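Open your viewer and set it to a cartoon view, with side chains ready to switch on. We will go from one selection to the next, and at each stop you can check what is there.

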Amino acid sequence: MALHAHQRLRHDVMLRMLDVLSVERLSPHMQRVTLGGPGLRGFHSASPDDHVKLFFPNRDGELVLPALGANGPEFPPGREPSPMRDYTPRHHDAARGELTVDFVLHGDGPASNWAAQAAPGQQLGAGGPRGSFVIADDFDHYVLAGDETALPAIGRWLEEMPAGTRATALIELPETADRQPLHTHADVDIRWLARHGEAAVDSHRLEQALQELPAIEGDVFHWIATESSRARAMRQWLEQRGVPKDWIKATGYWKAGADDDND
């Protein structure tokens, strides 16, 4: 097998109706919702930063999902479609029939508002993941950098890392109280970066922490997820310093000024 060979996987897309099984407040800005029910059968997520499309009740309180037709998803005419947003499958337990999703509570938006009031017995629609990008597991070191929207993916990745893996996690949060326990068998240095009231779009804490990392020996993979322009700038900074493009995955999990109620 080639050195540092990533894999792209495609999955059959299914639309599901899922039941809310439990709700837990993890921190001031993070709500955990565990979903399940018969609709979860056959669900599969192969990568820590996979995304599912979640469908929330519309203004009439209805879940109106599209049908998957020859021209892609098509909503029924005459009914308001359900708002939809992308979220990370934080944990999937096939044996228990449970899917855990962590929601950032950041203010007004269909996903954040729904998560803040979520209760057992409610339902959500879900679709995907459409595909998975599986990062090669043979790098000498992994640097994971992201804000609170990336915390579910970072937490899942650390949990799935085998013993002997070396990693550094740079995690920016609204405040110190938003830290949460992250379990791993890997050798990981976790650095929490609290904004203390500063807007995420104005912060440079991740950028500064990335630039101040001491030199790391060996081949290092960089995974970045934050506001779109910040993720792009960090990718460019790494490339200018000679990091191969295939050793970087930088993703905009949200965009300043848009209602990107993500992760």
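How many Å should helix 4 span at 1.5 Å a residue, and how far apart are its end C-alpha atoms? Keep in mind that this is a predicted model. Select helix 4, residues 228-240, and put a distance label between the C-alpha atoms at its two ends. The 13 residues should span 18 Å, and the end C-alpha atoms lie 19 Å apart, so the two values agree.

**Stop 1: the covered side of helix 4**

Now show the side chains of Arg230, Ala231, Met234, Trp237 and Leu238, which are buried in helix 4. Look down the axis: these residues sit on the same side of helix 4, because they cover an arc of only 125° around it. The general reason is that an α-helix has 3.6 residues a turn, so residues three or four places apart point the same way.

What covers these buried residues? Add strand 13, helix 3 (205-211), strand 15 (220-227) and strand 16 (248-254) to your selection, since the cover includes them.

**Stop 2: a salt bridge within the helix**

Stay on helix 4 and pick Glu239 and Arg235. Their side chains form a salt bridge, with N and O 3.0 Å apart. The two residues are four places apart in helix 4, so about one helical turn separates them. Glu239 is partly exposed, at 27% relative accessible area, and Arg235 is also partly exposed, at 22%.

Before leaving, step just past the end of helix 4 to Gly242, where phi is positive, at about 90°.

**Stop 3: from helix 4 to strand 13**

Next, select Arg230 together with Glu172. Which parts of the chain does this pair link? Glu172 belongs to strand 13 (residues 166-173) and Arg230 to helix 4, with their positions 58 residues apart in the numbering. The closest N and O atoms of this salt bridge are 3.0 Å apart, and both residues are buried.

Widen the selection to Glu148, Arg195 and Glu207. Together with Glu172 and Arg230, they are linked in a network of salt bridges.

**Stop 4: strand 13 and its neighbours**

Color strand 13 by itself. Seven of its eight residues are buried, so by this count the strand is mostly covered. Then bring in the strands that pair with it:

- Strand 12 (residues 141-146) pairs with strand 13 in the parallel sense, over five bridges. Here Ala145 has Leu170 of strand 13 as its bridge partner.
- Strand 14 (residues 187-194) also pairs with strand 13 in the parallel sense, over eight bridges. Here Glu172, from the salt bridge with Arg230, has Leu193 of strand 14 as its bridge partner.

Add helix 2 (residues 151-160) and follow the chain: strand 12, helix 2 and strand 13 make a right-handed β-α-β unit.

**Last stop: a bridge between loops**

Finally, select Glu62 and Arg79. Their side chains meet in a salt bridge, with N and O 3.9 Å apart. Glu62 lies in the loop between strand 4 (52-55) and strand 5 (67-69), while Arg79 lies in the loop between strand 6 (72-74) and strand 7 (84-87). The two are 17 residues apart. Is Glu62 buried or partly exposed? With a relative accessible area of 34%, Glu62 is partly exposed, and Arg79, at 41%, counts as partly exposed too.

If you would like to keep exploring, the count comes to 16 salt bridges.

Terms used. Residues numbered from 1 in each chain as written. Predicted model: local features only at pLDDT ≥ 70, side-chain atom pairs only at ≥ 80, totals over all residues. Heavy atoms only, no water. Salt bridge = Lys/Arg side-chain N within 4 Å of Asp/Glu carboxyl O. Buried < 20%, exposed > 50% of the residue type's maximum accessible area, 1.4 Å probe, protein only. Expected span 1.5 Å × (residues − 1). Arc of directions from axis to C-beta. Contact = heavy atoms within 4.5 Å. Pairing = 2+ DSSP bridges. Right-handed = clockwise from strand over helix to strand, strands pointing away.
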